[in-house]
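Student: I should like to work through this structure with you, step by step. Where shall we begin?

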Amino acid sequence: MPDVNVITFNVRGLRQMTKRRSVFRFAHQHYPKHLVVLQETHSSPKDVVIWQAEWGAPILFAHGSTQECGVAVLLPRSILGVCDIKVMHSDGDGRLLIVELSYRLCKLILCAVYAPTQSHGQQQVVFIRTMKDTLNSLMNDDTDLLICGDLNIQLSNLDTQNRFRATQATKELLAFVQ
């Protein structure tokens with residue numbers, strides 16, 4: 001597979017045209033050949049045509065059931081026509097978007113995530129289990145996996161200024177990635 005570069009940002013809403021265009025311009029200027037993964041887009045299906053026109057290339061979405069969540073993958077123009085790109089899964093909560101990128105015999109599964117926050121511990125556990133089960137059903141031995149986005153889970157003291165406490169969601173995530 002050709003080199004794949006990925007950058008991810010929590011944008012905390014792109015409903016305002018000025019902010020959205022600023023984010024898109026920043027991504028074009030600084031990351032023109034990257035897959036740009038965004039969390040907390042607050043997107044809805046009616047935004048797709050306008051946002052893609054502003055971006056200038058396809059955007060893959062998982063919209064939330066409310067306008068609070070949302071993940072998106074902004075595709076760079078340079079990847080179009082080089083890789084086959086297919087949305088494998090898009091949840092109805094705007095928290096999980098799974099995309100397959102294929103180039104010749106190589107496959108990469110890109111999992112864009114916006115997990116529930118730590119104040120919703122049981123929802124985090126359910127989300128991690130659902131993500132794991134979904135990915136396991138889509139993966140095979142010759143597929144690479146890249147999980148990116150905002151997992152909202154503390155994994156070590158580096159995340160908490162020495163107040164780390166392993167939650168059930170932490171344990172579930174660590175068990176999955178090891």
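Student: Which strands does helix 2 lie across, and at about what angle does helix 2 run to strand 3?

Tutor: The model is predicted, and what follows should be read in that light. Helix 2 lies across strand 2, strand 3 and strand 4 (71-74). Its direction relative to strand 3 is about 145°.

Student: What is the strand order of the open sheet that has strand 1 and strand 3 as its edge strands?

Tutor: This open sheet has 4 strands, with mixed pairing. Strand 1 (5-10) and strand 3 (59-62) each pair on one side only, and they are the edge strands. From one strand to the next the twist averages 15°. The order is 1-2-4-3.

Student: Do strand 1 and strand 2 run parallel or antiparallel, and which residue of strand 2 stands opposite Asn-10?

Tutor: Strand 1 is joined to strand 2 (residues 34-39) by 6 bridges, and the two run parallel. Within strand 2, the residue opposite Asn-10 is Gln-39.

Student: Where is Pro-58 found, and which residues does Pro-58 touch, not counting residues up to four places away in sequence?

Tutor: Pro-58 sits in the loop between helix 2 and strand 3. With a relative accessible area of 30%, Pro-58 is partly exposed. Its C-alpha atom is separated by 6.7 Å from that of Leu-74, although the two are 16 residues apart along the chain. Under the stated exclusion, the residues touched by Pro-58 are Gln-52, Val-73, Leu-74, Leu-75 and Leu-80.

Student: Are helix 1 and helix 2 parallel or oblique to each other, and what is the handedness of their crossing?

Tutor: The axes of helix 1 and helix 2 come within 10 Å and cross at roughly 40°. The two helices are therefore oblique to each other. Helix 1 contributes Met-17, Arg-20, Arg-21, Phe-24, Ala-27 and His-28 to the contact, while helix 2 contributes Ile-50, Trp-51, Glu-54 and Trp-55. The crossing of helix 1 and helix 2 is right-handed.

Student: How many salt bridges does a search of the whole structure find?

Tutor: Side chains of opposite charge can pair when their charged atoms come close. Applied to the whole structure, the search finds a number of salt bridges equal to 6.

Student: How many residues apart in sequence are the parts that the salt bridge of Arg-20 and Glu-54 ties together?

Tutor: In the salt bridge of Arg-20 with Glu-54, the closest N and O atoms are 2.4 Å apart. Arg-20 belongs to helix 1 (residues 17-30) and Glu-54 to helix 2 (residues 48-55), so the pair ties together parts whose separation in sequence is 34 residues.

Student: Is Arg-20 buried or exposed?

Tutor: The cut-off for buried is under 20% relative accessible area. Arg-20 has 5% relative accessibility, and therefore counts as buried.

Student: What is the order of the open sheet that contains strand 5 and strand 8 as edge strands?

Tutor: This is an open sheet of 4 strands with mixed pairing. Strand 5 (84-90) and strand 8 (143-150) each pair on one side only. Neighbouring strands of this sheet are turned by 20° against each other on average, direction ignored. The order is 5-6-7-8.

Student: Which residue of strand 6 stands opposite Lys-86, and with which residue does Lys-86 form a salt bridge?

Tutor: Strand 5 and strand 6 run antiparallel and are joined by 6 bridges. In strand 6, Glu-100 stands opposite Lys-86. The salt bridge to Lys-86 has its closest N and O atoms 3.9 Å apart, and its partner is Glu-100.

Student: Which residue, Glu-100 or Lys-86, is buried?

Tutor: Lys-86 has a relative accessible area of 44% and is partly exposed. A relative accessible area of 9% applies to the buried residue, Glu-100.

Student: Which residue of strand 7 is the bridge partner of Ser-102?

Tutor: Strand 6 (residues 96-103) and strand 7 (residues 106-114) pair in the antiparallel sense over 8 bridges. The side chain of Lys-107 meets that of Glu-100 in a salt bridge (3.9 Å, N to O). The bridge partner of Ser-102 is Lys-107.

Student: Which residue takes a positive phi in the hairpin of strand 6 and strand 7?

Tutor: This hairpin has 2 residues between the strands. A positive phi near 55° is taken by Arg-104.

How values were computed. Residues are numbered from 1 along each chain as its sequence is written. This is a predicted model: local features need pLDDT of at least 70, side-chain atom pairs count only at pLDDT 80 or more; totals for chains, interfaces and linings use all residues. Side-chain values use heavy atoms; hydrogens and water are left out. Two strands pair if DSSP finds at least two bridges between them. Axes are lines fitted to C-alpha atoms, for helices over the stretch in contact, and angles run from 0 to 180 degrees between N-to-C directions. A salt bridge is a side-chain nitrogen of Lys or Arg within 4 Å of a carboxyl oxygen of Asp or Glu. Buried means under 20% relative accessible area, exposed over 50%, partly exposed in between (1.4 Å probe, protein chains only). Angles under 35 degrees count as roughly parallel, over 145 as roughly antiparallel, 65 to 115 as roughly perpendicular and the rest as oblique. A crossing is left-handed if the near helix is turned anticlockwise from the far one by less than a right angle, and right-handed if clockwise. Contact means heavy atoms within 4.5 Å.
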